[in-house]
Amino acid sequence: MSSVDRTGKIPNNVDLAGDKRLQRALEHWLPLYMEWWNDMGPAGFQTNDIYLRTAVSVEAGGWANFDYVKMPEYRWGIFLTPNDSVNSIGFGDHYGKPTWQEIPGEYRGNLRRIIVTQADTEPASVEQQRFLGTIAPSLYDMRNLFQINVEEGRHLWAMVYLLFRFFGKDGRDEAEELLSRRSGDEDKPRILNAFNEACDHWLSFFCFTHFTDRDGKFQLASLAESGFEPLARTCDFMLTEEAHHLFVGETGLDRIVKRSAELTRETDGDPTRAGGIPIDMIQRAINYWFTFSLDLFGGEISSNAANFFGEGLKGRFKEKSRYEDHVMKDGIKVVPQVISGRLIEDEVPYRNAINEVLRDEYIDDCQRALRKWNRTLEKSGLGIELSLPSRRFHRHQGIYADHPFDPEGNLITKEALEANSSRWLLNTEDNDYLVSIMNQVIEPGKMANWIAAPSRGINGQALEFEYVRL
Ligand SMILES: [Fe+2]
Ligand SMILES: [Fe+2]
């Protein structure tokens, strides 16, 4: 394993200096990336000092170096989790054989697709969150937003390294495309739906980092055991950074729930009178972002997913530690399907339902967080609970997409869905209201009225710490 090079234009632990062609190609991409960052990265704040962590190595002491940095000067590096031992493929038809250091020719197309799809989400989320700094509820939150933004930028670097290193001209073309698609653009949208949805305010931001970044956790974890070792090691390191993004989402929503409950009591049931967020609006935001995020796991019945698993490219969540049978040639999984207007339990070959297996794990993880928010609500004594909608509700991908379901997962009529959807999903009025209450708060330690303070600061600093120097 090569050591960390911090002196070059691109900090890395992949010995870029030893591969001049690759180094030149990536150094050529760097100004294109900076152009994208300047056009599509956070609006404003580019000359401010921000208290950010930067990965300077992959070891415990090195990957979280805190200091004041101006975002354009952030050191976007390429880091792979080191691995000095010989590994074997952990699942699928090649189970037990040595992992690949180079791409097996027959899987080139599938690996390219997997890497490009993951890569595309990274710049997309930065684009979606572009204007949120201007309405941040505190310096603490503003700093977390920018931390996430620069790290999503680094995740793009991680994926682009794989494209340049292993895919030749195709990889270079893909890397260019990654900088030319735009979130929400009609002509050149991002690849996946959730990454084209508007994220105009901080309720959506926290839902996004909670639900949509959490999809990323499960995708990355299932790739972190890939038979293609450079991909596995890249994703493994990305997961360490991703944990903070999820923390921001989960605690952000918890703080909103807490404050909303307080304001609901203080205003006899209408927190909008005090510029707060009603609990039912939070529920609609959960319904909206959770269901868009469910789509990211792909079709319930998918021969592509079966191939990715069989080929040893993409496993399940914690494949090694949570499962015993890593081949799963003959298993079945029950997947409810709509047949002649009725919901019927159907048996599907296990490998074809592997997206659903990952979605199950994701939903369990979301439930865990939901129980926490409900404990916060319980303390308020309001007698209200939040819930996750059914996985069939409000879907745009897979076998449920063409059928109208209510949030409990019952088949309903199209008319009933239309009549109720503004009650069930974040709607235009909600978004207008949420934007209207969100004004930038920049006094150190102060919070906007619609959100409670976090329980502690970042990296042991006080809440009053000047996380962004304006
Ligand atoms: Fe990411
Ligand atoms: Fe993330």
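Which exposed residues does the face of H4 turned away from its buried side carry? I started my notebook with that one.

**Ground rules.** I am reading a predicted model, where local features need pLDDT of at least 70, side-chain atom pairs count only at pLDDT 80 or more, and totals for chains, interfaces and linings use all residues. Residues are numbered from 1 along each chain as its sequence is written, while chains are lettered from A and ligands numbered from 1 in the order in which they are written.

**Entry 1, helix H4.** I found Lys 169, Asp 173 and Ser 180 exposed on that face. Exposed means that 12 or fewer other C-beta atoms lie within 10 Å of a residue's own, buried means 20 or more, and partly exposed is in between, with C-beta atoms placed from the backbone. I then listed the buried residues of H4: Gly 171, Glu 174, Ala 175 and Leu 178. Seen down the axis of H4, these fall within an arc of 105 degrees, so they line one face of the helix; the arc is that of the directions from the helix axis to the C-beta atoms.

**Entry 2, helix H3.** I counted 26 of the 28 residues of H3 as buried, so this helix is mostly covered. Just after H3, I noted that Gly 168 takes a positive phi of about 55 degrees.

**Entry 3, the whole chain.** I looked up 12 helices and 5 strands; these are DSSP runs (helices H or I, at least four residues; strands E, at least two), numbered from the N terminus. Buried residues make up 44% of the 470 in the chain. The C-alpha atoms fill a box of roughly 65 × 60 × 40 Å, taken along the principal axes.
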